[in-house]
Amino acid sequence: MLRKLLISALGVLLIAPMAADAALQLYADKDYKTWLGSFSNKMSSPRNMSPNANDRLSSFKNETGYYVAFYHDSNGKGRCFTGNPHSKAPWFAPWDDNKVSSFHLGRSCQ
């Protein structure tokens with residue numbers, strides 16, 4: 001009986017989903033819909049959005065321990081707004097929605 005219980009418990013452990021690595025998840029639509037990309041590592045410089053993602057960001061989940069700076073223009077230029085570590089934004093204010101052209105994980109706006 002104990003052996004069957006241990007085997008059952010082991011089976012549950014083997015099929016249970018593993019925790020996902022902490023990442024910054026970017027979405028093109030509000031409420032975390034239309035996934036654009038995932039980034040886990042602190043960046044040494046701003047990253048430009050891909051041509052398909054440029055000016056489309058509308059929500060994010062920042063599951064990392066890093067701040068993230070979002071910029072309206074490429075190469076870390078223009079208006080900036082910050083995402084805090086371990087934060088979510090299901091939608092953006094109208095002046096920031098669909099305006100992001102670059103971002104920098106590991107930095108806040110100054």
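**Side-chain contacts in a predicted model**

When the whole structure is searched, seven aromatic pairs turn up. One of them joins Phe60 and Phe70 in a tilted arrangement, with 5.1 Å from centre to centre and 40° between the planes. That pair links distant parts of the chain, since Phe60 sits in strand E4, residues 59–62, and Phe70 sits in strand E5, residues 68–73, ten residues apart. I should say at once that what we are looking at is a predicted model, and that each value I quote has been computed from it.

Staying with these rings for a moment, Phe60 and Phe70 are both buried, and together with Phe81 and Phe92 they make up one aromatic cluster.

Another ring to look at is that of Tyr32, because the charged end of Lys61 sits over this ring, 4.6 Å from its centre. Tyr32 itself belongs to the loop between strand E1, residues 24–29, and strand E2, residues 33–39, and with a relative accessibility of 22% it counts as partly exposed. The backbone deserves a look here as well, for Tyr32 has a positive phi of about 60° although it is not a glycine. As general background, most residues other than glycine have a negative phi. Thr34, which is not a glycine either, also has a positive phi, of about 65°. This threonine is found in strand E2, and at 39% relative accessible area it is partly exposed.

Let me turn to charge pairs. How many salt bridges does a search of the whole structure find? The search finds one, and it is formed by Arg79 with Asp96, whose closest N and O atoms are 2.8 Å apart. Arg79 lies in strand E6, residues 77–83, while Asp96 lies in the loop between strand E7, 87–89, and strand E8, 102–105, so the pair ties together parts that are 17 residues apart in sequence. Are the two partners buried or partly exposed? Arg79, at 40% relative accessibility, counts as partly exposed, whereas Asp96, at 6%, counts as buried, because the cut-off for that word is under 20%.

Next to Arg79 in the numbering we come to Cys80, and with Cys80 to the one disulfide that the structure holds. The partner of Cys80 is Cys109, and their sulfur atoms are 1.9 Å apart. This disulfide, too, links distant parts of the chain, with Cys80 in strand E6 and Cys109 in the segment after E8, 29 residues apart. The torsion about the S-S bond is about -80°, so the disulfide is left-handed. Cys80 is partly exposed at 21% relative accessibility, and Cys109 is partly exposed as well, with a relative accessible area of 24%.

The part I would ask you to follow most carefully concerns Thr64 and Asn62. Thr64 is found in the loop between E4 and E5, and Asn62 has its place in strand E4. Thr64 is buried, with a relative accessible area of 2%, and Asn62 is buried with a value of 1%. Which polar contact does the side chain of Thr64 make with another side chain? The partner is the side chain of Asn62, at 2.6 Å. Both residues also reach the backbone of Tyr66: the side chain of Thr64 comes to the backbone nitrogen of Tyr66 at 3.1 Å, and the side chain of Asn62 comes to the backbone oxygen of Tyr66 at 2.7 Å.

If we set aside neighbours up to four places away in sequence, Thr64 touches several further residues, among them Ala22, Phe39, Ser40 and Leu105. Ala22 is worth picking out, since Thr64 and Ala22 are 42 residues apart in sequence and yet 5.0 Å apart in space, C-alpha to C-alpha. With its own neighbours within four places left aside, Asn62 is in contact with residues including Ala23, Tyr67, Gly83, Ser87 and Leu105.

As a last stop, what is the place of Asn52, and is this residue buried or exposed? Asn52 is in the loop between strand E3, 47–48, and E4, and this asparagine is exposed, with a relative accessible area of 61%. Asn52 and Leu36 are 16 residues apart in sequence, and their C-alpha atoms are 8.5 Å apart in space.

Definitions and conventions:
Residues are numbered from 1 along each chain as its sequence is written. This is a predicted model: local features need pLDDT of at least 70, side-chain atom pairs count only at pLDDT 80 or more; totals for chains, interfaces and linings use all residues. Side-chain values use heavy atoms; hydrogens and water are left out. Rings of Phe, Tyr and Trp (its six-membered ring) pair if their centres lie within 6.5 Å; planes under 30 degrees apart count as stacked, over 60 as edge-to-face and the rest as tilted. Helices (H or I, at least four residues) and strands (E, at least two) are DSSP runs, numbered from the N terminus. Buried means under 20% relative accessible area, exposed over 50%, partly exposed in between (1.4 Å probe, protein chains only). A charge sits over a ring if NZ of Lys or CZ of Arg is within 6 Å of the ring centre and within 35 degrees of the ring normal. A salt bridge is a side-chain nitrogen of Lys or Arg within 4 Å of a carboxyl oxygen of Asp or Glu. A disulfide is a pair of cysteine sulfur atoms within 2.5 Å. Contact means heavy atoms within 4.5 Å. A polar contact is a pair of N or O atoms within 3.5 Å; within protein, one must be able to donate a hydrogen and the other to accept it, and residues adjacent in sequence count only if both atoms are side-chain atoms.
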